[in-house]
Every structure is written in structure tokens, then in C-alpha cells.
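Please read the points below with the sequence and the coordinates open beside them. They are written as a colleague's note.

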Amino acid sequence: MGNEFHIVVCGSIVPDPLQTLAPQDGPNGPILQNEMMLPAVLDPWAGHALYEAADLAAKNPGSQVWLVSLGPKAKLQQVMMAVSQKAPFQLVVADGSSSGFEDSYETAKVLSDTIDGIAGLDKSKLLLFGGWQSASRGSGAVMQMVGEMQGVSEQFQGVDKITVGDDGAIEVLERVEGGSYQKSVVDGAPAVMGWATGELPEPPNNPQIGMQNMQKNMPALQQAKPADLSGSSLSFASVEVPQQRRETRIVKDASVDEMAQEIVEWIKG
Amino acid sequence: MTVLFLAHTECDGTLAKVSLETLTAAKALADGMGAELAVGLVGADVAAAADSIAACGGTFFAVTGPAYNEGLYSTDIAAAEAIAKACSAEIVVAPATSRYSRALPGLAIRLGGRVDTHLSGLNVVDGKPVAKRWFYRQRMEGSFTRDERPWVLTLDAGCAGAFSGAGSADVTAVDADISGVRTRPEGMICVSEDEQTIRPDAEILLVTGAGWTKKQADGEVHVAEAEDSILRFLSATKSSLGSSKSLVDISGEGGAVISFLTHMHQVGQTGATPRHAKGLSTCCHGEEPHVVGWRFINERRAINTDAGCGWAQGKCDVLYVGDAFAIMKKVNELLG
């Protein structure tokens, strides 16, 4: 027996991890230097969530995937040109800041309100996917709040694997300390899954999927509503990059034995 | 006003070190703000844990029972909600364990408050709480406050001294409603002690890079030799093992793989940022992502064939320019 899921993936864009980042004061708090000029990518954990969602939908005919994203729509459009080639999904956009300094509650509120506006979404079939962390704020808090706002109390974070049974029950492996997993079973949707890396490799580009996606997603980008993130009293006293330059001693003319001996002495303290 | 320190017990009924550290921070916050300290404990049986911190001077509340031994979101948030409401907490301070990192952000919604997680510091300035945390994955640290209450806060490990002060605690039992929970726990999947390679409490972190699986001077790859060398080092030192992203991603690219490495070993921008006293990097190269992964490693040494490596220069204390295969083989011999 098949299971139909309505999978909503929450995911935004972040600066390319290889970029050097520095903060500066903006009109409403800290921002990144040259923020709009920095190349952006889909947040890595949101990407894993999206690929897992597409895989789950493919295995369960009748299922649908939406990618709900809060970010500047001009930057989103650039990133989605690449992401759209990876997996089929319907993009839903809230046009606003994807800054890591935005309040996690305000972000969750916008995402939840945006989900409420998805036509045809059956919340009894809802699986709310997203990254358990992000490469921006890194709070690991947004998905839980979106879930609570949606009235979904069966939640899982640091998920690496889910297995759906014929009866719709979902077995979940969540990361815990020390490289271990917590295993549990929820009796079915609705549920929240904050993904770690999952087990799927990044899908190869498929231009055909990309064309199909962008036919739907370009209108979604054009119709994106401005997001209001101004409701927080969060105020920053400072944001700084720590200056930790070390005086590196280069050992290059010593023998293997000498280097090994020095390392062992250092290890033994 | 009440500051609530909230913690769950471990499987053996004790409190984790990070919980004791968080209690120190919560108590200092309450003292600094002139607030009452409440202690909320969750677990199958919290009596021993409560007694172990009885001297903190707080008023104790607890949700107990077999259902609270496992760390399900739905049961943990119900317990936390019941305790927070029982003591009318305006600030909730909890350890950022995997269990509470999972559950407590949702508590803010249930209480009508706000949450800030993974704090690296918590102080009182002019009578107001001021929190510190990292943004953009340990790239930059911010100091901030907010007016919304209740304010739920989780504190990362290593940010305060562990509280010590046993006694006899008088604990008020609190009931939580878990009648609607649809998830059942199925236990833990743990690697054996001999096979465990991720050890958060280890003295040393060994980081492996993609060089271990590249062609060596003889034109061949030597993955079996690399695995043996890495495992012998881990066995001898009981170090924790980390990996660069490029190495754990090699499996998806069809390259030779270190069989025991998974994405859970990954450190850096898109992986973990572990805390260890010493770190030894082998066959790694790179720049910003490595800075993030090594943010909380105190003493850093690296073995690398490139003396001009952008990661090593200015970011590690000693760079050994040489063949990691040869050097680690000798290190293992010396370690016995």
C-alpha cells in the first residue's frame, strides 16, 4: 500500500562556504560586508532535506514536494537555476532577508505563514522537512518553531534516515552524542524532520527537470510577497570575527623519526 | 522573577557535565539579576541528580517516569512546558545536549516566548541578561539581548565551570500531558567501545583529509594502509576522529574511501565544531571551512606536504612538512 505525503521543505540560501565573511553595522543591526555581492548556495542541510524529500516522493506516488524559502528573491532566482536541476519541486518564496542575524522566531513565523498560504496542501499528510542547522544562523531552532506553529508535535532533529512502513509508520534515526543514533517510530504524518546529511548523494543535474521546475518556479519568484521580519526586540551589542592568528612553526628539514618523536611527546604532554 | 535551570538526567540517573556547567551559568544569571533560581529536572528517576546539586539553592521541580528516560521531542517538550509553567519561569537556561537542542526551541512557542540556542556565554550587564553565540558556523561571535519573555536559552559545553554542591533536595513533582504522543522510542544504536571513533570527551582530535586516499609516490593509492594507521593511532590514544568534507564526500564521487568514515565524522563549515584540548590534522588542506571546524581546538598541529598551506599558516601552531603515511607509521610505533 502506498503512502501519499505532502512534503514541505524549508530551506534558504547562504554565502558560499569558501567565502571569507566579515560583519558590519547595517541600518537594523549587523549584516555581512558585501552581502548581496557574495555568491550564494542552497544551505547544505536544506539541500539534503530537499534531496531526501524528492526521493521519498518518488517512492510514494501521489506525493508532492514544495520548497519554501525565505530570502532575497533576486539571489534566490540565481541559486534556484542550479537547484532546480536536481529534483522536482514547487518553489514557494517569501521575499526577505536570509541573513544569519535575523531572529529565528521571526523567520519561523514567516515560514509558517507562507506554508499556510500553499494551495492544495493537506496538513494531515504533512511532512515538514528542513535542515537541523544552517550555515548562517546555525541555531537549530527554526524547524521546531515552524512545527509548533503548524501544530505538529512529532519532531525529529539530526535525522540521517527514515524508513516508511506499509502502514505509514515512519522509523527515524536521529543523531545523538558520540556518533550514536536514537531510533524511534512515529505512527505517520504529520511530522517534522530536521535533516543532518541523510544518506543520499547530491543528485546529478537533470536539465529536463530544471526546465519543468523553472516553468513553475519563475512565476513563484515573481509573485513572492515581501516578508516582514521586524517584530523582534533582538539587539546586538557587538559582532566580531575573533583575531586568532597563530605563529606557525614550520618543521620541514627534520627527519620522519624526529617529527614523529616530537608529535608523540606533544601527545603525551 | 524566576530563572529556571532545566536539565534531563542521563541513562544512569546522573547529570551530564554540560548540565552542571549550565547550572553554574544559570545560577550566576539569577544571582546577577536578583532573581529566584528554580531547578527543573526530567528523567525516569531524578532523586540522585537532584541531591547531587542540592546546594545550588534553587527550588526543585521534576517530571519523572519511565517515559522520560528516552529523549523524544514530544515527551521532552511536554515535560519542559509543565515545569516552566509550574514555576512561572521568565528565563529558561538549559544545556545544549542533543536532546534539548532538539526539544527546547519548540518550548518557546508553547510559552509564547523566544529562544536563542548554542550560547557561548551568558552574562548580566546593567541588570539585564546578555547572551553570546556564534553566527555563520563559528565564523563570528555576537553579543546580544532581547526584551521578550519567557526567554529560552541553551548553552554549549565548555562555557562555564561545572557546578559542584551536593545535599538533600526537596523536589516538587509536576505532571506533564503526554497523552497525545504518537512516537515510540526504539532504543539507541551505539557503536561498541572498541569501534567508537567519535569521542566528544577525548583529549585529542585526529582530523583526516583527502590526502589519505590520493595516489602516493609510487602512483598507487594505499587506503588499507591509511585505515590501519588511523585506527592504530585512535586505539593507542583514544582520540576522537574527524574528517574533512572532501574525504567523506569521496564515496559519492566514486573515489577510494576510508571505510569507517561517515558524514558524522565531518568537521568544519558543514560539519561539527568539536571541542578538544589538542588537534592533529593529517593530509588536510583548505582555508575557511577548516577554521570553523578547528574553532574550539586549543593546540593545533598539522602534517602536510605543503609548507605554504593556506590552512596551516597562521592557524595551527606547528606544521610538519612531510608524508603523513611515514610520519604516522612512526608515531604509532613510538606509541606502542
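The numbered points that follow concern a predicted model and take up aromatic pairs, salt bridges, surface charge and one loop residue in turn.

1. On aromatic contacts in general, a search of the whole structure gives 9 aromatic pairs over all chains. One of them joins A:Phe236 and B:Phe144, whose ring centres are 5.7 Å apart and whose planes stand at 50°, so this pair is classed as tilted. The contact crosses between chains, since A:Phe236 belongs to strand 14 (residues 235-240) of chain A and B:Phe144 to strand 7 (residues 140-145) of chain B.

2. The two partners of that pair should be described separately with regard to exposure. A:Phe236 has a relative accessibility of 22% and therefore counts as partly exposed, whereas B:Phe144, with a relative accessible area of 2%, is buried. Ring pairs also link both residues into a cluster with A:Phe101, B:Phe135 and B:Tyr136.

3. A further aromatic pair is formed within chain B by B:Trp134 and B:Phe296, with 5.7 Å from centre to centre and 75° between the planes, an edge-to-face arrangement. B:Trp134 sits in strand 6 (residues 128-135) of chain B, while B:Phe296 sits in the loop between helix 7 (288-293) and strand 14 (297-304) of chain B, so the pair ties together parts that are 162 residues apart in sequence. Both B:Trp134 and B:Phe296 are buried.

4. Turning to charged side chains, the count comes to 25 salt bridges over all chains. In chain A, A:Arg249 and A:Glu262 form one in which the closest N and O atoms are 2.6 Å apart. A:Arg249 is in strand 15 (residues 249-251) of chain A and A:Glu262 in helix 6 (residues 256-268) of chain A, so this salt bridge ties together parts that are 13 residues apart in sequence. A:Arg249 is partly exposed at 40% relative accessibility, and A:Glu262 is likewise partly exposed at 24%.

5. Two salt bridges in chain B lie within helices. B:Lys27 and B:Asp31 have their closest N and O atoms 3.7 Å apart, and because they are 4 residues apart in helix 1 (residues 17-33) of chain B, about one helical turn separates them. B:Lys27 is partly exposed, with a relative accessible area of 25%, but B:Asp31 counts as exposed at 53%. B:Lys330 and B:Glu333 meet at 3.5 Å, N to O, and are 3 residues apart in helix 8 of chain B, which again means a separation of about one helical turn. Both are partly exposed, B:Lys330 with a relative accessible area of 22% and B:Glu333 with 43%.

6. Beyond such separate pairs, salt bridges that share partners join A:Asp103, B:Arg114, B:Asp116, B:Arg146 and B:Glu148 into one network.

7. On surface charge, a patch of negative charge is made up of B:Asp218, B:Glu220, B:Glu225, B:Asp228 and B:Asp323. Of these, B:Asp323 is placed in the loop between strand 15 (318-321) and helix 8 (324-335) of chain B, and its relative accessibility of 36% makes it partly exposed.

8. Finally, where does B:Gly127 lie? B:Gly127 is in the loop between strand 5 (114-125) and strand 6 of chain B, and at 44% relative accessibility it counts as partly exposed. B:Gly127 and B:Leu29 are 98 residues apart in sequence, yet their C-alpha atoms are 9.4 Å apart in space.

Terms used. Residues are numbered from 1 along each chain as its sequence is written. Chains are lettered from A and ligands numbered from 1 in the order in which they are written. This is a predicted model: local features need pLDDT of at least 70, side-chain atom pairs count only at pLDDT 80 or more; totals for chains, interfaces and linings use all residues. Side-chain values use heavy atoms; hydrogens and water are left out. Patches are made of residues with over 30% relative accessible area and no salt bridge: like charges are joined within 9 Å, nonpolar side chains (Val, Leu, Ile, Met, Phe, Trp, Tyr) within 5 Å. Accessible areas come from the Shrake-Rupley method with a 1.4 Å probe; for residues, only the protein chains shown count as cover. A salt bridge is a side-chain nitrogen of Lys or Arg within 4 Å of a carboxyl oxygen of Asp or Glu. Lys and Arg count as positive and Asp and Glu as negative; His and the chain ends are not counted. The place of a charge is taken as NZ of Lys, CZ of Arg, CG of Asp or CD of Glu. Buried means under 20% relative accessible area, exposed over 50%, partly exposed in between (1.4 Å probe, protein chains only). Rings of Phe, Tyr and Trp (its six-membered ring) pair if their centres lie within 6.5 Å; planes under 30 degrees apart count as stacked, over 60 as edge-to-face and the rest as tilted.
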